[in-house]
Amino acid sequence: MKKLVLALSVIAFTACNNNQQKEQTTQESNQPVTEEAVAPAETGNENIITISGGDDMKFDKTELKAKAGETVRLILKHIGKAPIEAMGHNVVILAQGTDFNAFANAAIDAKDNGYIPKGMEKAVIAKTDMIGGGQTTEITFTAPAKGSYDFLCSFPGHYIYMKGKLIVE
């Protein structure tokens with residue numbers, strides 16, 4: 001009998017606590033939404049790419065693939081727990097010919113512009129919002145012409161480890 005009461009108590013507690021435990025996520029508007037709202041939808045001609053980054057300052061992917069001209073839905077999940085002020089992450093895809101290190105170093109002083117250096121906005125093909133631990137954000141953009149494009153997290157110092165290539169075929 002005690003085991004049954006204990007089991008029912010655990011189930012009731014879990015069910016009541018479940019709504020409080022849902023991860024908050026963000027979309028382009030940076031407003032919290034439920035996880036269900038950013039779940040992959042019917043794809044059609046859309047290329048859905050999910051990339052994660054955590055408190056270890058590493059993306060789970062260093063190579064993303066797309067086809068020229070296709071619609072790309074890029075979903076960034078911050079799988080860590082640290083707040084945005086300490087361990088914010090974003091994904092910034094740079095135009096070809098952009099000096100990667102110059103962009104990353106200039107981003108350090110661009111907190112007020114989401115760590116996108118003023119005057120270098122035209123070097124950005126696409127960028128997600130900056131998010132903190134447990135959050136998710138997404139963007140939709142058209143893949144550029146065939147080629148290789150650098151991407152990075154522009155939060156100060158993260159570009160050293162959080163970088164990769166978007167390969168457009």
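In which sense do strand β5 and β8 pair, and over how many bridges? Select residues 71–78, which make up strand β5, and then bring in β8: in this predicted model the two strands pair in the antiparallel sense over seven bridges. Within this pair, pick out Lys77, which stands opposite Thr136 in β8.

Next, extend the selection to the sheet to which these strands belong, an open sheet of three strands that runs in the order β3-β5-β8 with mixed pairing. Its edge strands are β3, at 46–53, and β8, at 136–142, each of which pairs on one side only. If you look along the sheet, the twist from one strand to the next averages 20 degrees. Strands of a sheet pair through backbone hydrogen bonds, which may be parallel or antiparallel in arrangement.

Now move to Leu64, which is found in strand β4, residues 63–66. Leu64 counts as buried because its relative accessibility is 2%, under the 20% cut-off. Show its surroundings and, leaving aside neighbours within four places in sequence, you will find Leu64 in contact with Ile49, Ile51, Leu74, Phe151, Lys165, Leu166 and Ile167. A distance drawn from C-alpha to C-alpha between Leu64 and Thr50 comes to 9.2 Å, with their positions 14 residues apart in sequence.

Finally, display the whole protein chain, which has three helices and ten strands. Of its 169 residues, buried ones make up 40%, and among contacts with a separation of 6 or more, 70% come from residues 24 or more positions apart. With the surface switched on, the accessible area comes to about 9,600 Å², of which 54% belongs to carbon and sulfur atoms.

Note on methods
Residues are numbered from 1 along each chain as its sequence is written. This is a predicted model: local features need pLDDT of at least 70, side-chain atom pairs count only at pLDDT 80 or more; totals for chains, interfaces and linings use all residues. Side-chain values use heavy atoms; hydrogens and water are left out. Helices (H or I, at least four residues) and strands (E, at least two) are DSSP runs, numbered from the N terminus. Buried means under 20% relative accessible area, exposed over 50%, partly exposed in between (1.4 Å probe, protein chains only). Contact means heavy atoms within 4.5 Å. Accessible areas come from the Shrake-Rupley method with a 1.4 Å probe; for residues, only the protein chains shown count as cover. Two strands pair if DSSP finds at least two bridges between them. Axes are lines fitted to C-alpha atoms, for helices over the stretch in contact, and angles run from 0 to 180 degrees between N-to-C directions.
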